[in-house]
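Me: I am new to this structure and would like a close look at one part of it. Could you set the scene, then take me to the residue that a record singles out?

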Amino acid sequence: MKKHGILHRELAALIASLGHGDAIVIADSGLPVPPGVACIDLAVTKGVPGFLEVLEAILYELVVEKATVAKELLPNSQLLDDINSRLSPVEVQAVSHEELKKLTAEAKAVIRTGEWTPYANVILYAGVAF
């Protein structure tokens, strides 16, 4: 048994398999998953697990070089600040929600949370540790 870090078998394997530039998506409960993209469904009930909890767990193990959110999230300054503070100093770019949904088709996987906050989605691009 792992001593710490991500215990979910599929999620741990996904993170271990990522190479430089590979993308994963941490998504709210409503983001559509494109055909052919793996979905790791963590959602249990409304809000469980939360988006930020999952983001923090993944950031504990993953080197991130850049991130993308939807422009529609920008008015939710609290969530945007929470994302930026956890990802700092990583650059977070904003694209339209429609563009973000198109970009998810290139992701290795979508990690579905129980989050019910609109536009609580982020694409994380793997970096390198050296």
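In what order do the elements of the protein run from the N terminus on? And once that is clear, where is the place of His 20?

Reply: Happy to help! Please keep in mind that this is a predicted model. Starting at the N terminus, the elements follow the order α-β-β-α-β-α-β-α-β-β, which gives four helices and six strands. The protein is as compact as a globular protein of its length, because its radius of gyration of 14 Å is close to the 14 Å that the globule rule gives for 130 residues. Along the principal axes, its C-alpha atoms fill a box of roughly 40 × 35 × 30 Å. Of the 130 residues, 43% are buried. Among contacts with a separation of 6 or more, 87% join residues that lie 24 or more positions apart.

Now to the part you asked about. An unreviewed UniProt entry places the feature "active site" at His 20; this annotation may be inferred rather than shown by experiment. You will find His 20 in the loop between helix H1 (9-17) and strand S1 (23-27). Is this residue buried or exposed? His 20 counts as exposed, because its relative accessibility is 51% and the cut-off for exposed is over 50%. Leaving aside residues up to four places away in sequence, His 20 touches Glu 65, along with Ala 126, Gly 127 and Val 128. So much for His 20; a last look takes in the whole surface and the charges. The protein exposes about 7,000 Å², with carbon and sulfur atoms supplying 54% of that area. It carries 11 positive and 16 negative charges, and the mean positions of these two groups are 4 Å apart.

Technical notes
Residues numbered from 1 in each chain as written. Predicted model: local features only at pLDDT ≥ 70, side-chain atom pairs only at ≥ 80, totals over all residues. Heavy atoms only, no water. Helix = DSSP H or I, 4+ residues; strand = E, 2+ residues; numbered from the N terminus. Rg over C-alpha atoms; globule rule 2.2 N^0.38 Å. Buried < 20%, exposed > 50% of the residue type's maximum accessible area, 1.4 Å probe, protein only. Contact = heavy atoms within 4.5 Å. Areas by Shrake-Rupley, 256 points an atom, 1.4 Å probe, with all protein chains shown as cover. Lys, Arg positive; Asp, Glu negative; His and termini not counted. Charge placed at Lys NZ, Arg CZ, Asp CG, Glu CD.
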